[in-house]
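Q: Got a structure here that I'd like to go through. Can we start with the chain contacts?
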Amino acid sequence: MEVISTHNLVKQYGSTHAADNISIHVNKGEIYGFLGLNGAGKTTLIRMLLAMIQPDKGDIFLFGQKLDKKFQRWNEIGYLVETPHAYPDLTVLDNLRVFYKFRNLNKPNLIDEIISKLKLEKYRNSRAKVLSLGNQQRLGLAKALMHQPALLILDEPINGLDPEGIVEVRELLQELTQNGSTVLLSSHILGEISKVATRIGIIHEGRLIRELNTEELFSQLHKKLIIRTRNNNEAINYLYDAGYSAIKTADNSIEIKDPDAIQFPEKISRFLVEKDLPPVQLSTFTEDLEMYFLRTIQTSKSQIS
Amino acid sequence: MNVLYAELIKLKNANIVWLSFIAFGLAPVMGAVFILIMRDPDALANAGALSLKIEAMGIKPDWNAYLGILTQAIGVGGVLVFGFVASWIFGREYTDGTVKDLLSLPSSRSSILNAKFIIYIFWCVGLCISNLLTGLILGYFLQFPSLNMTETLNHLAIYFNTAFLTIIIGTPIAFFALRGKGYMGALGFVALTLVIAQIIGASGYGSFFPWAVPGLYSGISQEYKASLNAFSYGIVFLTGLIGYIATIFYWRYADQQ
């Protein structure tokens with residue numbers, strides 16, 4: 001079942017395309033991660049999903065129901081958009097009570113449960129303005145999660161959290177999806193998104209330029225073999241004659257991208273030893289997510305131009 | 001009711017509530033000080049510019065004059081203080097950064113705004129009652145000659161009618177607080193209306209300017225009060241209605257960045 005479905009969403013501010021024909025489909029139980037540079041259109045899309053801004057064109061369906069003025073299923077949605085803010089003079093408890101009332105909830109223990117879950121007991125009666133950035137983030141998440149939503153929309157949910165908090169949020173999101181909830185989140189921390197998301201969408205200049213699941217992502221990361229010998233020029237010649245596309249890099253190393261070499265580096269090592277050029281260094285290098293992300297954007301730019 | 005209760009929780013620990021009562025409460029205190037000075041010829045002689053002001057205002061040490069001061073404080077000072085209250089109630093969500101938390105909830109945006117308008121009305125009515133009670137207590141100690149029932153009811157009617165008119169013309173401030181995304185735009189609007197009301201009121205055309213009408217009605221100038229007519233009250237109600245509708249429509253239909 002599709003929990004989120006958008007069809008050719010367009011939102012334009014002057015000549016800037018904040019959303020350019022974005023169509024996404026998020027199924028029940030998925031954690032869909034959004035990657036994009038600042039200003040790529042992530043927050044615009046999230047705000048459109050929350051009916052804070054209206055698309056110029058296109059439709060949004062949440063739980064199969066069209067998002068319009070008649071949409072009523074807001075209690076099935078929890079959200080955190082950009083920096084979390086709270087009423088500074090209210091305590092953590094009162095901040096949660098405000099949203100308990102706004103959400104017309106009728107289970108008083110929900111507040112205590114979420115305070116406990118987000119480890120905010122110690123700050124229960126502290127005013128929001130004295131909380132650290134990390135605890136403000138926890139309070140923001142508590143507001144988003146208090147009513148046990150079926151869909152959670154989070155914009156940069158781990159900003160300001162310490163490593164322990166990041167792990168807790170990751171576990172919380174995984175627990176939610178195990179219970180049947182669906183999560184859509186954006187983050188600029190690519191490593192974190194790859195750990196938690198089941199599917200990833202890359203958005204750039206308002207366009208969804210790549211959509212892939214976590215396995216596809218890791219299979220698409222560029223890998224190469226880096227080698228150094230006592231005589232790299234001679235080694236390159238031998239490798240080239242043997243059918244490997246070896247090249248010399250700027251830092252005087254040898255780089256091979258052939259899948260066979262990457263999968264069986266011991267074959268290369270044995271080959272060079274036989275040629276009396278034993279490697280002094282041989283390592284497999286895997287492109288990190290940042291590089292993959294930037295490469296994807298670059299490819300998209302060159303395709304457009 | 002839940003939405004109203006949520007809005008009430010938000011007032012907890014808000015110093016602005018007590019500050020508004022203290023600031024508005026200066027009016028009956030200052031009025032009492034005026035009257036005390038008037039009663040003491042030595043103090044009046046030493047009061048300098050203040051004595052001239054007292055003479056110009058024609059204040060007499062009785063209930064009529066004192067209740068008149070309290071009413072005028074609402075008709076003129078209320079435009080400022082009630083405007084400040086409206087700016088805070090509607091602008092705080094932007095200043096506190098909490099506005100985005102209010103836009104995608106089962107409680108409709110209109111219901112949240114209506115709860116805010118109810119808080120605004122009760123807050124302003126509270127300020128009026130507080131000033132009246134303070135004035136009655138101070139008047140008791142000043143030992144004014146008693147008023148008869150008809151005069152008392154007449155004063156109370158003018159007092160609360162002035163409050164009613166002043167509260168009504170506060171609704172556009174809510175719109176400017178939302179449109180300006182915070183207190184500043186709304187406070188600028190309040191300051192502008194206050195200045196223009198003074199200028200237009202003094203030039204004799206106050207009956208055509210909604211923000212001058214409460215002041216004129218309060219009796220700040222008997223000469224100009226007579227110029228108020230159905231049109232004057234009509235534009236006050238129309239301004240209030242337009243302010244309310246614009247506020248609701250803006251939050252319901254405009255993009256919220």
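Q: How many residues of chain B are in contact with chain A?
A: In this predicted model, 30 residues of chain B are in contact with 30 residues of chain A, contact meaning heavy atoms within 4.5 Å.

Q: What area is buried between them?
A: About 3000 Å², with carbon and sulfur atoms giving 54% of that area. Buried area is the accessible area (1.4 Å probe) that two parts lose on being put together, summed over both.

Q: Which three residues of chain B supply more than any other three?
A: K100(B), S104(B) and P106(B), which supply 22% of the area that chain B buries against chain A.

Q: How many salt bridges between the chains?
A: Two, where a salt bridge is a side-chain nitrogen of Lys or Arg within 4 Å of a carboxyl oxygen of Asp or Glu. One of them joins D101(B) to K143(A), with the closest N and O atoms 2.8 Å apart.

Q: Different topic: I245(B). Where is it found?
A: I245(B) is in helix α12 of chain B, helices being DSSP runs (H or I, at least four residues) numbered from the N terminus.

Q: Buried or exposed?
A: I245(B) counts as partly exposed, at 38% relative accessibility. Buried is under 20% relative accessible area, exposed over 50%, partly exposed in between (1.4 Å probe, protein chains only).

Q: And how far is P172(B) from I245(B)?
A: Their C-alpha atoms are separated by 9.1 Å, and the two are 73 residues apart along the chain.

Q: Any conventions to know?
A: Local features need pLDDT of at least 70, side-chain atom pairs count only at pLDDT 80 or more, and totals for chains, interfaces and linings use all residues. Residues are numbered from 1 along each chain, chains are lettered from A, and side-chain values use heavy atoms, leaving out hydrogens and water.

Terms used:
Helix = DSSP H or I, 4+ residues; strand = E, 2+ residues; numbered from the N terminus.
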